[in-house]
Amino acid sequence: MANVIQIRKATTADIDALMESRCRTMREVCGFDDDYEFSAEFMEATKEYFLNGNGTTVIAIDDSIGTPQIVGNATLCYTDMMPTFSHPNGKRAHLMNVHVEKEFRRKGIARKMLEFIIDEAKERGVTEISLDATDNGQKLYEAMGWHANTEAMVKDL
C-alpha cells in the first residue's frame, strides 16, 4: 500500500514532534552528527517562534504505520517592511528549512508543502518570498519560479 502523506499547518499539539523534526533538519543542513545537542537558547527560541512567532509552519505527516510521523516541514516567516514601488504593501516573507526525510524524498512532498505555504502567503498579501537555497533544493525552487537576486547585502551582528 502506498503512503498517503497529509500536508497541513502545524498546531500547538505538534510542537514536540515539530521540534524533533526541526533538529533533524538542522543536523542534516549543518552537517552535524545525529547525536548533536543544540543549546538550550536555540531550543527555547525555536519553540517560542513555532508557538508565537509571525510565521506559518507546514508539516507533512505519514500516518500509514501506527503513530503519525512528521516526515517534512517548512516555515514561512512573515515580515512587514517599509513599502516600496515593487512591494507597495510592504508584506514580505522568508522561507526557511524546507526539509523532507531522506526516505520520503523525490515524491513531490516538498513541492506540495511549498504550494500550500505559497497559497497561505498570497492570502496574507505577501508580494515577495525570499529563501536561502541548498544545492539540493535549488532545482525545485527554480522550477517553481524562484530566481537569483543580487538586491541585498547582509551584515551579521
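Student: Which residue in β2 is the bridge partner of Arg 8?

Tutor: This is a predicted model: local features need pLDDT of at least 70, side-chain atom pairs count only at pLDDT 80 or more, and totals for chains, interfaces and linings use all residues. Residues are numbered from 1 along each chain as its sequence is written, and side-chain values use heavy atoms, with hydrogens and water left out. β1 and β2 run antiparallel, joined by five bridges; strands are DSSP runs (E, at least two residues), helices are H or I runs of at least four, and both are numbered from the N terminus. In β2, Arg 8 has as its bridge partner Ile 59.

Student: What is the strand order of the open sheet?

Tutor: Two strands pair if DSSP finds at least two bridges between them. β1 (5-9) and β5 are the edge strands, each pairing on one side only. β2 and β3 pair in the antiparallel sense over eight bridges, while β4 and β5 pair in the parallel sense over four. Pairing is mixed, and the order of the five strands is β1-β2-β3-β4-β5.

Student: How many of the eight residues of β2 are buried?

Tutor: Buried means under 20% relative accessible area, exposed over 50%, partly exposed in between (1.4 Å probe, protein chains only). By that cut-off β2 is mostly covered. The number of its eight residues that are buried is seven.

Student: Which element supplies the largest share of the largest nonpolar core?

Tutor: A nonpolar core is a set of buried Ala, Val, Leu, Ile, Met, Phe, Trp, Tyr and Cys residues joined through side-chain atoms within 4.5 Å. The largest one has 23 residues, with Leu 76, Ile 109 and Trp 146 among those with the most contacts inside it. At least two core residues each come from β2 (55-62), β3 (69-80), β4 (91-100), α3 (109-123) and β5 (128-131). The largest share, seven residues, comes from α3.

Student: Which residues does Ile 109 contact, leaving aside neighbours within four places in sequence?

Tutor: Contact means heavy atoms within 4.5 Å. With those neighbours left aside, the partners of Ile 109 are Ile 5, Ile 7, Ala 60, Val 100 and Phe 104.

Student: Why does Cys 23 form no bond with the closest cysteine sulfur?

Tutor: A disulfide is a pair of cysteine sulfur atoms within 2.5 Å, and the count here is zero. Cys 23 counts as buried because its relative accessibility is 5%. The closest cysteine sulfur, in Cys 30, is too far for a bond, because the separation is 11 Å.
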